[in-house]
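Reader: I am new to this structure and should like to learn how its features are read. May we take them one at a time?

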Amino acid sequence: MSLFWRIFSLNAAGLVVAAALLLGPVTVSTPVRPGEAAAVVVGLASLLAANALVLRFGLAPLQRLGLAMATADLLRPGARAAVAGPAETAALITTYNTMLDRLEAERATGAARALSAQERERHRVARELHDEVGQTLTAVLLQLKRVADRVPDELREDVHQAQEATRAGLDEIRRIARRLRPGVLDELGLPSALRSLAAEFTTHGLTVRHHVPGDLPRLTQESELVIYRVAQEGLTNTARHAAADRAEVLLRPVTDGVELLVRDNGKGLGGALEGSGISGMRERALLIGATLCLQPAPGQGTEIRLRVPAAPGKTR
């Protein structure tokens, strides 16, 4: 029954009862007697209480709907408001849930296009850095080497410093190109790429351990790229913000897929808001139908869990 008919029926019943009592043997004296006043007050209180109950239970689904709308997050899909209440309220909640389904589908499609374009641009920039800038710096380094053999002794140290600066710049260009588009992922596969990533982040202040078996379930190319990017972003956050000295990267097979675990012993998330890096990880996870969970690590630090469904086929 709709909320309108519930309230109308209740009020109509109260008015019919009141009219029946007035037309019957019940009378109201002038002045009003205490018993008559008490009967009127009790009847009025009963009618108001019944109206309050009907409105309370009838409007409760709307309050729950308002809470669901205020807390909705497209990066955490799947949450829906429970369809309940009168016909109008149930129809409104159903419409809202349908709208959420459409918004999540459109966001997933848009995120897929955006991330695909981003990866293509990363690949283009990495190729130009490696081919153009890298080759130019290599040529400069060779020229400096030839010059170093001819310059006077008093200038040899300056030329040597220029060589070292050029060599450092060339190494940095190569490192940036590898991070933009990991060639080892395309050439050697995901396990080798994650091991190389752990070695890259292992510095004097941070030790990154890894456990990446070779016999993993079959994954799509998009899934492998998402796993690599999530591990890369997790280690980047650890190196920049966590103040940690140990981290680990684990990739293990689970039921119907694989699970990536990136854990550190740093200061943890605390009350910090999620930045663009974590939002990017969530969007990448949604792109391949994976689930991402960020939580405090056992003891101390932060733990990132990414569960990725396997592609149809055999393990490899």
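Reader: Is A243 buried or exposed?

Author: A residue is called buried under 20% relative accessible area, exposed over 50% and partly exposed in between, using a 1.4 Å probe and protein chains only. A243 has a relative accessible area of 70%, so it is exposed. Please note that this is a predicted model, in which local features need pLDDT of at least 70 and side-chain atom pairs count only at pLDDT 80 or more, while totals for chains, interfaces and linings use all residues. Residues are numbered from 1 along each chain as its sequence is written, and side-chain values use heavy atoms, with hydrogens and water left out.

Reader: Where is A243 found, and what is its phi?

Author: Helices (H or I, at least four residues) and strands (E, at least two) are DSSP runs, numbered from the N terminus. A243 belongs to the loop between α7 and β2 (246-254). Although A243 is not a glycine, its phi is positive, at about 55°.

Reader: What is the phi of D256, and where is D256 placed?

Author: D256 is not a glycine either, yet it has a positive phi of about 65°. D256 sits in the loop between β2 and β3 (257-264), and its relative accessibility of 65% makes it count as exposed.

Reader: How do α6 and α7 lie with respect to each other?

Author: Axes are lines fitted to C-alpha atoms, for helices over the stretch in contact, and angles run from 0 to 180 degrees between N-to-C directions. Angles under 35 degrees count as roughly parallel, over 145 as roughly antiparallel, 65 to 115 as roughly perpendicular and the rest as oblique. Here the axes of helix α6 (residues 190-201) and helix α7 (residues 221-242) cross at roughly 10° and come within 10 Å. The two helices are therefore roughly parallel.

Reader: Which residues of α6 and α7 meet?

Author: Contact means heavy atoms within 4.5 Å. From α6, L190, A193, L194, L197 and F201 meet E224, I227, Y228, A231, Q232, L235, T236 and A239 of α7. Sorted by class, this contact has 10 nonpolar, two polar and one charged residues. In that sorting, Ala, Val, Leu, Ile, Met, Phe, Trp, Tyr, Cys and Pro are nonpolar, Asp, Glu, Lys and Arg are charged, and the others, Gly among them, are polar.

Reader: What span should the 28 residues of helix α4 have?

Author: The expected span of a helix is 1.5 Å times one less than its number of residues. For α4 (residues 153-180) this gives 40 Å, and the end C-alpha atoms are 41 Å apart, which agrees. Helix α3 (residues 87-148), with 62 residues, should span 92 Å, and its end C-alpha atoms are 87 Å apart, again in agreement. A bend is the angle between axes fitted to the seven residues ending at a residue and the seven starting there; α3 bends by about 30° at G134.

Reader: Which residues of α4 are buried, and what covers them?

Author: V159, Q163, T166, L170, I173, A177 and L180 of α4 are buried. Their cover includes α3 and α7.

Reader: Is P182 buried or exposed, and what does P182 touch?

Author: P182, in the loop between α4 and α5 (183-188), is buried, with a relative accessible area of 3%. Not counting residues up to four places away in sequence, P182 touches Y228 and R229. The C-alpha atoms of P182 and H123 are 9.0 Å apart in space, with their positions 59 residues apart in sequence.
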